[in-house]
Amino acid sequence: MNTAPRDGRQDEGIGCPDATEVFERYRRLLFSVAYDLLGSVADAEDCVQEAWIRWTRDDRSDITDPKSYLVRIATNVSLNRLRAARGRRESYVGPWLPEPLVTMPDVAEEVETADAVSYAMLVVLETLKPVERAVFVLREVFGMPHTEIAEAVGRSEVAVRQLAHRAREHVHARQPRYTPDPDERRRLTERFLAACAEGDVDGLKDLLAEDATVVTDGGGKARSALRPVFGVDKCARFLAGIGAGFQRKSWLVAWAEVNSAPGVVLYDADGTVRAAGLVEAVDGSITQVLLVRNPDKLAHLSELAAPEKKREAPGHQWVAG
């Protein structure tokens, strides 16, 4: 069977199996593009659905490259949502963090993850303007040529090259300096969890970098810091207080893959996901702790609450009795 991209004449008709086949071939790509632009799982899924509606509705008779066409649709829809979201985020209560893509380590089935973009990178991308973010994602993450990006964002190729250069410099100046391997990050996370659970301020100070930052996103719906916490001393005391609070609630901490990196998910006694997060590190010291507590951003993780999917993270005491 020929698996090369089909032109529009072969894909005519809303109910045509070929049209569905072509779209499904690129569904995961479209989700990744939308998620990297929006930092929202629900919004990304909505953008994919909108792309499907347009794909089945539009005249495809002159489409020679379905992939580029679909990416352009997903980009346009995502940009419109991103521009609207920026206004809402200005009135957001406390720091805004992206929705985490989370899977448990023992989940074998294929899941949709934006493998190429770390969670920390998504946080950096939030500092870009919408079109800059789109250009950076399409160019640096997905390797699209400037000509196709220009069509996707409605700018000239010259303008796109300038935007790409500016966005790249902006991101490189703010991106994590070094990403530890998964085993190193997991060992640091184990020690970090143990120190938090014990309220060990000195132990946390030993783990944290001097310029460490803690960012907690509660969205006004869960208890969290209204501003990022900076500095080793303040971060250590804040984290020790969080650990004590979680321990009093007898929350379960389980290992998880947060945007393809080792992280944790916290459950209450009823199995409801209450938080998800991870640590970033440089040269063996934790530089950043990112914790999402806004229940709206954890709602899509409800399927992880099944008891058989829980796997306790060692080195802590936040285990339900």
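Here's a quick briefing on the sheet, one of its strands, a charged patch and a buried proline. Keep in mind that this is a predicted model. At its heart for our purposes is an open sheet of seven strands with mixed pairing. Strand β6 gets most of the attention here, since nine of its 10 residues are buried.

**The sheet as a whole**
- Reading across the sheet, the strands come in the order β1-β4-β5-β6-β7-β2-β3.
- The edges belong to β1 (102–103) and β3 (229–230), and each of these has a single partner strand, so one side of each has no neighbour in the sheet.
- As a rule of thumb, side chains in a regular strand alternate between the two faces of the sheet.

**Strand β6 and its burial**
- β6 covers residues 273–282, and with nine of those 10 residues buried, the strand is largely enclosed by the rest of the structure.
- In the strand order, β6 sits between β5 and β7.

**β6 with β5**
- β5 (residues 261–267) runs antiparallel to β6, and four bridges join the two.
- If you want to trace the pairing, look for L266 opposite A275 of β6.
- Another pair to look for is Y267 of β5 with its bridge partner V273 in β6.
- The two strands make a hairpin with five residues between them.
- G271 is in that turn, and its phi is positive, at about 90°.

**β6 with β7**
- On this side, β6 pairs with β7 (residues 285–292), again in the antiparallel sense, over seven bridges.
- G277 is a handy marker here, as it stands opposite L291 in β7.
- These strands also form a hairpin, this one with two residues between them.
- D283 in this hairpin takes a positive phi, near 55°.

**A negative patch on the surface**
- Away from the strands, let's turn to charge: E198, D200, D202 and D206 gather in a patch of negative charge on the surface.
- E198 belongs to helix α8, which spans residues 182–198.
- Is E198 buried or exposed? Its relative accessible area is 57%, over the 50% cut-off, so E198 counts as exposed.

**P100, a buried loop residue**
- P100 lies in the loop between α3 (66–90) and β1.
- With a relative accessible area of 1%, P100 falls under the 20% cut-off, so it counts as buried.
- P100 and K297 are 197 residues apart in sequence, yet their C-alpha atoms are 7.7 Å apart in space.

Terms used:
Residues are numbered from 1 along each chain as its sequence is written. This is a predicted model: local features need pLDDT of at least 70, side-chain atom pairs count only at pLDDT 80 or more; totals for chains, interfaces and linings use all residues. Side-chain values use heavy atoms; hydrogens and water are left out. Buried means under 20% relative accessible area, exposed over 50%, partly exposed in between (1.4 Å probe, protein chains only). Two strands pair if DSSP finds at least two bridges between them. Patches are made of residues with over 30% relative accessible area and no salt bridge: like charges are joined within 9 Å, nonpolar side chains (Val, Leu, Ile, Met, Phe, Trp, Tyr) within 5 Å. Accessible areas come from the Shrake-Rupley method with a 1.4 Å probe; for residues, only the protein chains shown count as cover. A salt bridge is a side-chain nitrogen of Lys or Arg within 4 Å of a carboxyl oxygen of Asp or Glu. Lys and Arg count as positive and Asp and Glu as negative; His and the chain ends are not counted. The place of a charge is taken as NZ of Lys, CZ of Arg, CG of Asp or CD of Glu.
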